[in-house]
Amino acid sequence: MTTESQTDVSSNGSSTVNIDIGRTLKASRIEQKLDERQISTELKIPLDQVMALEDNRFEYFKSS
């Protein structure tokens, strides 16, 4: 399950765009034929953080 976040793309806040960074990260990982554990090792971050990033669960992290 992925969630999408919205961000302003104009200075007056009249338009928003959906950003799905997790899907982009996951697609890139799969394209390179890597699994989550390999990414975790390479980036030196816990596996659960890799999974949270790919699921767009940014609330998982303590800071924005």
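**Exercise 1. In this predicted model, determine how R29 and E54 are linked, and which parts of the chain their pairing ties together.**

Solution. R29 and E54 form a salt bridge, in which the closest N and O atoms are 2.6 Å apart. This separation satisfies the criterion, since a side-chain nitrogen of Arg has to lie within 4 Å of a carboxyl oxygen of Glu. The next step is to place the two partners: R29 belongs to helix α1 (residues 21–31) and E54 to helix α3, so the pair ties together parts that are 25 residues apart in sequence. Both partners, R29 and E54, are buried.

**Exercise 2. Find which residues the salt bridges with shared partners join into one network, and state whether R29 and E36 are buried or partly exposed.**

Solution. Begin with E36, which also forms a salt bridge with R29, the closest N and O atoms here being 3.5 Å apart. Salt bridges that share partners therefore join R29, E36 and E54 into one network. For the accessibility of the two residues, recall that buried means under 20% relative accessible area. R29, at 8% relative accessibility, counts as buried, whereas E36, with a relative accessible area of 27%, is partly exposed.

**Exercise 3. Describe the packing of α2 and α3 by its angle, its handedness and the residues that meet.**

Solution. Helix α2 (residues 36–43) packs with helix α3 (residues 47–54) at an angle of about 110 degrees, and their axes are 8 Å apart. Because angles from 65 to 115 degrees count as roughly perpendicular, α2 and α3 are roughly perpendicular to each other. Their crossing is right-handed. On the α2 side the contact is made by E36, R37, I39 and S40, which meet L47, V50, M51 and E54 in α3. Sorted by character, the residues of this contact comprise 4 nonpolar, 1 polar and 3 charged.

**Exercise 4. Work out the surroundings of I39, and state whether I39 is buried or exposed.**

Solution. I39 is found in helix α2, and its relative accessibility of 18% means that I39 counts as buried. When residues up to four places away in sequence are set aside, I39 touches R29, L34 and V50. For the contact partner R29, the C-alpha to C-alpha distance from I39 is 7.9 Å, although I39 and R29 are 10 residues apart in sequence.

**Exercise 5. State how many salt bridges are counted, and characterise the one between D20 and R23.**

Solution. The count comes to 4 salt bridges. One of them joins the side chains of D20 and R23, with an N to O distance of 2.7 Å. D20, whose relative accessible area is 13%, is buried.

Note on methods
Residues numbered from 1 in each chain as written. Predicted model: local features only at pLDDT ≥ 70, side-chain atom pairs only at ≥ 80, totals over all residues. Heavy atoms only, no water. Axes fitted to C-alpha atoms, helices over the stretch in contact; angles between N-to-C directions. Helix = DSSP H or I, 4+ residues; strand = E, 2+ residues; numbered from the N terminus. Parallel < 35°, antiparallel > 145°, perpendicular 65-115°, else oblique. Left-handed = near helix turned anticlockwise from the far one by under 90°. Contact = heavy atoms within 4.5 Å. Nonpolar A, V, L, I, M, F, W, Y, C, P; charged D, E, K, R; others polar. Buried < 20%, exposed > 50% of the residue type's maximum accessible area, 1.4 Å probe, protein only.
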